[in-house]
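This report takes up a single protein chain and moves from its overall make-up to selected side-chain pairs and local surroundings. The sequence and the structure are shown first.

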Amino acid sequence: MRRYGKHTDEDDIRTRPNRKGNRPRTHIRPKHEDAAEGMVLTVDRGRLTCLVGDRTVMAMKARELGRKAAVVGDRVALVGDLSGKKDTLARIVRIEERASLLRRTADDDDPYERVVVANADQLAIVTALADPEPRPRLIDRCLVAAFDGGLEPLLVMTKSDLAPPDMLLELYGALDIPYVVTSREELENGDAADRVRAHLDGKITAFVGHSGVGKTTLVNALVPKERRRVTGHVNAVTGRGRHTTTSALALPLGAAEGWVVDTPGVRSFGLAHIDPSRVIHAFPDLEPGTEGCPRACSHDEPDCALDAWVEEGHADPARLYSLRRLLATRERSEGD
């Protein structure tokens with residue numbers, strides 16, 4: 001029996017739809033050469049707020065980027081609606097090469113790497129001198145992450161009205177890290193913000209610190225037009241503060257040329273992703289002395305050539321001590 005009539009070219013002939021679409025799949029992706037350049041300011045549940053020219057634009061990541069995620073500080077290429085109007089959405093089609101990358105893991109056994117910020121020039125490590133007590137091991141870990149990621153460190157010590165900075169200055173003096181000491185009164189009258197701002201001009205600076213050290217209070221003093229919620233509460237039993245910042249956010253420094261990236265308070269800073277061999281690059285006075293080291297030298301063993309290098313007067317012994325303390329920080333608890 002004939003299924004169709006005599007005229008088989010009629011329009012009512014049933015055809016099976018192509019489940020993959022009418023066009024054949026291709027691995028060739030558009031280059032988007034006309035895409036606009038932007039900077040990621042913050043990320044919230046898959047939506048990214050980007051600065052494009054003088055406008056803030058809401059965007060989402062293109063599927064063609066796969067699992068590659070954009071983070072705060074990333075330079076990206078965008079297409080679509082770039083007007084920045086309400087209820088509009090652009091698309092990020094390319095993430096440019098990163099100049100630096102600050103990363104951490106939850107702990108030293110965690111294989112999952114968390115990117116904190118991209119393309120930052122500087123890492124401001126904020127620590128209170130009291131209430132809560134300073135945690136040198138956490139500072140060490142932040143320094144290792146900064147050196148590994150290509151960021152210059154800046155040490156900001158708060159609450160000097162409660163305790164002197166002498167202990168921390170002695171501990172980190174050999175590293176020649178720039179530092180600023182502030183008090184609560186100076187934060188209120190603006191003097192502290194002015195001194196910190198002098199180190200930030202022309203740079204993208206990420207701020208990290210233990211909860212309760214006054215990091216967000218300092219950021220609010222630096223960028224008063226973009227105030228973030230501050231609780232300032234520190235648990236009297238645990239000595240831990242409550243998180244008041246839940247997502248990283250890049251804020252312009254106003255009249256000054258620079259950016260501040262406020263990040264959530266951290267209670268741990270894992271270094272599972274760190275290659276210890278890269279930390280030596282932050283010690284240019286010691287690095288030439290490693291030429292005589294055995295292969296895969298940890299720089300803290302009997303055959304390490306750095307001991308002879310320092311004994312010959314090429315570098316300060318305190319610098320070698322600081323290097324070895326930082327390299328050994330993965331083997332110690334942050335609370336030590």
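What follows describes the chain as a whole, then its salt bridges, and then a helix, a loop residue and a surface patch.

**The chain as a whole**

The model is predicted, and its chain contains 7 helices and 13 strands. Of the 336 residues in the chain, 46% are buried. Where contacts join residues at least 6 apart in sequence, 64% of them link residues at least 24 apart. The chain exposes about 19,200 Å², and carbon and sulfur atoms account for 48% of that area.

**Salt bridges**

Side chains of opposite charge can pair when their charged atoms come close. Across the whole structure, a search finds 17 salt bridges, and the table lists some of these pairs with their N to O distances.

| Pair | N to O distance |
|---|---|
| R55 and D54 | 3.8 Å |
| R137 and D140 | 2.9 Å |
| R197 and D194 | 3.0 Å |

How far apart in helix α1 are R137 and D140? These two residues are 3 positions apart in that helix, which spans residues 136-149, and they are therefore separated by about one helical turn. An α-helix has 3.6 residues a turn, so residues three or four places apart point the same way. R137 counts as buried because its relative accessibility is 12%, under the 20% cut-off, and D140 is likewise buried, with a relative accessibility of 0%.

R197 and D194 are also 3 residues apart within a helix, in this case α4 (residues 191-197), so about one helical turn separates them. Here R197 is partly exposed, with a relative accessible area of 22%, and D194 counts as partly exposed at 46%.

In the pair formed by R55 and D54, whose side chains meet in a salt bridge, R55 is partly exposed at a relative accessible area of 32%, whereas D54 counts as exposed at 70% relative accessibility. R55 belongs to the residue range 55-61 of strand β3. Beyond these pairs, a network of salt bridges links R103, E113, D148 and R278.

**An enclosed helix and a loop residue**

Why is helix α5 described as largely enclosed by the rest of the structure? The reason is that 6 of the 8 residues of this helix, which covers residues 215-222, are buried. The buried residues in α5 are K215, T216, L218, V219, N220 and L222, a set that includes the lysine K215 and the asparagine N220 along with the leucines L218 and L222.

A174 lies in the loop between α2 (166-172) and β10 (179-181). This loop residue is buried, with a relative accessible area of 18%. When neighbours within four places in sequence are left aside, A174 is in contact with A318, R319 and S322. As for R319 in particular, 145 residues separate it from A174 along the chain, while the C-alpha atoms of the two are 5.5 Å apart.

**A nonpolar surface patch**

Which residues form a nonpolar patch on the surface? The patch consists of M58, M60 and L89, which together have about 220 Å² of accessible area. M60 is found in strand β3 (residues 55-61), and M60 is partly exposed, with a relative accessible area of 32%. Because a patch residue needs over 30% relative accessible area, the 32% of M60 satisfies that cut-off.

Notes: Residues are numbered from 1 along each chain as its sequence is written. This is a predicted model: local features need pLDDT of at least 70, side-chain atom pairs count only at pLDDT 80 or more; totals for chains, interfaces and linings use all residues. Side-chain values use heavy atoms; hydrogens and water are left out. Patches are made of residues with over 30% relative accessible area and no salt bridge: like charges are joined within 9 Å, nonpolar side chains (Val, Leu, Ile, Met, Phe, Trp, Tyr) within 5 Å. Accessible areas come from the Shrake-Rupley method with a 1.4 Å probe; for residues, only the protein chains shown count as cover. A salt bridge is a side-chain nitrogen of Lys or Arg within 4 Å of a carboxyl oxygen of Asp or Glu. Helices (H or I, at least four residues) and strands (E, at least two) are DSSP runs, numbered from the N terminus. Buried means under 20% relative accessible area, exposed over 50%, partly exposed in between (1.4 Å probe, protein chains only). Contact means heavy atoms within 4.5 Å.
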